[in-house]
Amino acid sequence: EREFANYLNVNHSLILTSGTNALICALKACDISAGDEVIIPTYTFVATAASVVNVGATPILANIDQSLSLSLESIREKITPRTKAIIAVHMDGVNCNMPEIVSLAREKGIFVIEDCAQAMGGSFKDKKLGTWGDVGCFSFNEDKILSCGEGGACVTNDEILYEKLLNCHDTSALFNPTYQEKFKNIVPKIGMSMRVSEISGAIMRVQLKRLDYILKSLRQRKDIFSKHLLHLKNGTHILAHDPLGDCATTILIAFKNPSEMLKIGKTLNRESIENIPISMRPAHAFWKWSELIGLSKNQHIFYLESIDLINRTLKIKVDLSLSLKETEALAQKIVETIG
């Protein structure tokens with residue numbers, strides 16, 4: 001926890017059992033509960049919505065912009081007197097426009113929680129993702145940038161929020177003599193069971209030492225893709241708000257329409273270039289889980305911008321097993337195939 005906090009340059013870090021529990025813990029620390037609203041994006045893993053539901057609050061969907069992250073304009077439209085927080089999700093390692101989101105939240109007096117499950121080590125203008133908002137939430141799941149099999153973390157600079165996070169993550173924390181001095185500024189409540197073992201912590205200590213090398217290697221390869229994808233005629237390479245802070249795990253290409261995207265995706269598959277329409281990811285497009293959060297199909301009409309962009313975007317993973325030379329050849333092949 002200390003080493004992760006030092007890496008991110010924050011005051012506090014708390015390791016938990018999962019990224020989902022990190023979000024739940026963050027929401028509880030912000031005293032979000034029944035009757036409150038939390039703004040989330042239309043393109044995110046279901047856990048973002050589930051965490052809000054699990055604290056009794058209501059998830060409010062906002063449209064995404066051309067980077068596939070939260071649209072500032074849509075956030076403004078969704079804020080009501082009941083809005084308590086915005087969850088800014090850095091999907092596929094692509095950063096949100098954090099300065100603008102934080103500025104708007106401060107203006108409205110609402111919390112910002114960053115979902116960095118897919119963006120560990122990413123940044124915006126050299127400031128690490130997860131440190132812009134009130135609480136940053138991370139996942140150490142098996143398919144994340146770093147992993148201990150299953151786990152997560154919350155980070156914050158706020159002493160009171162840290163005490164609430166600590167209280168929330170462990171049912172018995174307030175009875176533990178080790179933690180007694182930690183609860184100086186809050187009235188402790190009954191917590192939950194989100195503790196992890198020392199084994200997970202030990203694994204993540206070793207993993208953390210590899211993070212900068214992994215990100216450097218990913219960015220070298222994505223830079224190669226980016227240079228080639230500038231020459232695309234039949235698609236648009238989606239860029240982060242700050243490309244230098246992108247985790248570079250993913251290539252995202254938007255096409256004119258869904259049929260064109262599907263046609264090109266099949267052609268890429270025939271050339272043994274693995275890709276997937278992001279709309280086919282099991283639980284990432286809002287319409288896969290909207291009914292579970294009380295949103296009827298009739299209400300999907302308010303999210304046509306998101307539906308359009310999600311339905312015409314392809315995802316290609318950046319493969320670290322390929323050398324720089326092999327990545328160059330693959331990038332060239334993709335451009336030749338797409339046209």
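Guide: A residue is called buried under 20% relative accessible area, exposed over 50%, and partly exposed in between, with a 1.4 Å probe and protein chains only. This is a predicted model, in which local features need pLDDT of at least 70, side-chain atom pairs count only at pLDDT 80 or more, and totals for chains, interfaces and linings use all residues. Residues are numbered from 1 along each chain as its sequence is written, and side-chain values use heavy atoms, without hydrogens and water.

Visitor: Why is Cys-168 called buried or exposed?

Guide: Its relative accessible area is 6%, and the limit for buried is under 20%, so Cys-168 is buried.

Visitor: What makes the number of disulfides in the structure what it is, and how many are there?

Guide: There are zero. A disulfide requires a pair of cysteine sulfur atoms within 2.5 Å. For Cys-30, the nearest cysteine sulfur is that of Cys-137, 8.7 Å away. For Cys-168, it is that of Cys-25, at 3.6 Å. Neither Cys-30 nor Cys-168 is in a disulfide.

Visitor: Why are strand 1 and strand 3 said to stand at the edges?

Guide: Strands are DSSP runs (E, at least two residues), numbered from the N terminus, and two of them pair if DSSP finds at least two bridges between them. Seven strands form an open, mixed sheet in the order 1-9-8-5-4-2-3. Strand 1 (12-16) and strand 3 (58-62) each have a single partner strand, so one side of each lacks a neighbour in the sheet.

Visitor: How do you know that strand 4 and strand 5 pair?

Guide: Five bridges join strand 4 (residues 83-89) to strand 5 (residues 111-115), against a requirement of at least two. The two strands run parallel, and Phe-111 is the bridge partner of Ala-85.

Conventions:
Helices (H or I, at least four residues) and strands (E, at least two) are DSSP runs, numbered from the N terminus.
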